[in-house]
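Grab your viewer and work through these exercises at your own pace. Each one comes with its solution, step by step.

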Amino acid sequence: MADFLLENIAGKEKPYVESLRKLLEQFQSPFAPDDSVGIKLHWGERDNRSYLPADYAKEIAVWLQAQGAKPFVFDTTVLYSGGRRTAEDSLKTAADHGYTADFLGCPIIVADGMDGRDIVSIPADYKHFKTVQVCSVFDKAKGFVIFSHFKGHMVSLFGGAIKNISMGFASRAQKQRMHSDYHPVLTQNKCTRCGICVDICPTKAASISEPDYPEYDLKKCIGCAQCIAMCPELALQIFWNSDMMVFQEKLVETAAAVWKKIQGKTIVINALLNITVECDCLGGNNPVISPDYGFIGGYQPVEVDAESLKMIGPDIIEKVHPGIPWQRQLSYAREIGFISPMNKGI
Ligand code: SF4
Ligand code: SF4
């Protein structure tokens with residue numbers, strides 16, 4: 001079995017559905033007829049314009065159905081305000097982006113439930129987390145397709161398969177446990193007092209009163225980083241409450257705990273398309289930092305992410321997100337057995 005499956009899009013036209021189909025045909029499918037298979041993806045925040053079009057999810061669903069499997073598409077609710085904080089809003093955002101059951105030809109759900117309480121604790125037994133709390137999807141699916149839009153990210157450098165499994169499966173409480181390692185810090189001479197950070201803050205931790213600059217109540221701040229991402233003047237920066245490594249390790253621990261539950265019956269696909277500075281959690285236009293490459297597939301998320309990074313060249317993302325110890329994700333994955341210590345290529 002090849003470590004990686006590659007399908008590039010050179011000379012093809014968007015959407016690159018034919019390339020994805022060719023990649024899928026290369027997999028040794030772990031799914032059996034009648035298996036319910038969850039396709040985990042991110043359908044983009046409200047007003048985001050860099051999310052992957054629904055054509056790719058539909059192609060994966062068609063491929064699964066051709067094997068007799070029963071696919072469904074899912075994501076989970078998020079901590080910050082916007083179009084995915086509740087399941088109802090999230091499904092509306094999905095529909096606005098073309099992700100409907102009619103188009104996909106399969107159900108689409110928010111896997112932590114309509115009220116965010118459809119969750120379960122699973123064993124982790126790592127340094128930071130003894131258990132992790134994730135969406136209760138394991139009894140709904142016999143197998144999974146982890147389909148990730150590979151791009152930059154302000155705290156993890158890159159967002160791909162590891163992040164899609166970690167933050168993507170996590171309950172809101174688990175997301176908060178991972179996000180608690182940082183909060184915003186203001187550079188006053190850049191701030192125009194526009195109030196965007198106050199309007200967007202989901203916990204009312206940010207406040208402003210004339211003629212003062214905004215303040216951030218750290219007791220209320222959940223570290224969602226939305227204010228940092230949305231500040232038009234780049235006046236807010238991340239202040240790490242703990243060693244920056246801790247966030248990278250927590251991200252990996254959550255993914256590793258989920259992986260223990262789904263490995264062997266899961267395939268992993270990264271789309272190296274529309275590779276933007278930030279993740280699809282942000283609204284608006286998100287600058288592209290790299291050419292399109294195509295799709296990388298495999299059977300192990302750390303391997304697929306490492307190969308994706310190699311293909312793009314991490315220096316391109318490091319230029320826009322300097323100083324993030326992203327390498328810790330890979331070295332820690334090896335230390336805790338998420339990736340084989342024998343895998344010297346990572
Ligand atoms: S969004 Fe940025 S510029 Fe606007 S008030 Fe907040 S910190 Fe200042
Ligand atoms: S102040 Fe804290 S909770 Fe509010 S938007 Fe910023 S990071 Fe999120």
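Rings of Phe, Tyr and Trp (its six-membered ring) pair if their centres lie within 6.5 Å; planes under 30 degrees apart count as stacked, over 60 as edge-to-face and the rest as tilted. You're looking at a predicted model, where local features need pLDDT of at least 70 and side-chain atom pairs count only at pLDDT 80 or more, while totals for chains, interfaces and linings use all residues. Residues are numbered from 1 along each chain as its sequence is written, chains are lettered from A and ligands numbered from 1 in the order written, and side-chain values use heavy atoms, leaving out hydrogens and water.

**Exercise 1.** Count the aromatic pairs, then classify Y56 with F295.

- Step 1: the ring rule gives 17 aromatic pairs.
- Step 2: Y56 and F295 sit 5.5 Å apart centre to centre with 70° between the planes, which makes the pair edge-to-face.
- Step 3: Y56 belongs to helix α2 (residues 54-66) and F295 to strand β15 (residues 294-298), so the pair ties together parts 239 residues apart in sequence. Helices (H or I, at least four residues) and strands (E, at least two) are DSSP runs, numbered from the N terminus.
- Step 4: for burial, use relative accessible area: buried is under 20%, exposed over 50%, partly exposed in between (1.4 Å probe, protein chains only). Y56 comes out buried at 3%, and F295 is buried at 1%.

**Exercise 2.** Do the same for Y182 and W240.

- Step 1: the centres are 5.3 Å apart and the planes 65°, so this pair is edge-to-face.
- Step 2: Y182 is in strand β10 (residues 182-186) and W240 in strand β13 (residues 236-240), so the pair links parts 58 residues apart in sequence.
- Step 3: both Y182 and W240 are buried.

**Exercise 3.** Which ring does the charged end of K261 sit over?

- Step 1: the test is NZ of Lys or CZ of Arg within 6 Å of the ring centre and within 35 degrees of the ring normal.
- Step 2: K261 sits over F138, 5.1 Å from the ring centre.
- Step 3: F138 also belongs to an aromatic cluster with F72, F74, F144 and F169.

**Exercise 4.** Look at the cysteines around ligand 2 and count the disulfides in the model.

- Step 1: taking residues with a heavy atom within 4 Å, the surroundings of ligand 2 include C201, C221, C224 and C227.
- Step 2: C221 is partly exposed at 21% relative accessibility, whereas C224 is buried at 13%.
- Step 3: with a disulfide defined as a pair of cysteine sulfur atoms within 2.5 Å, the count is zero.
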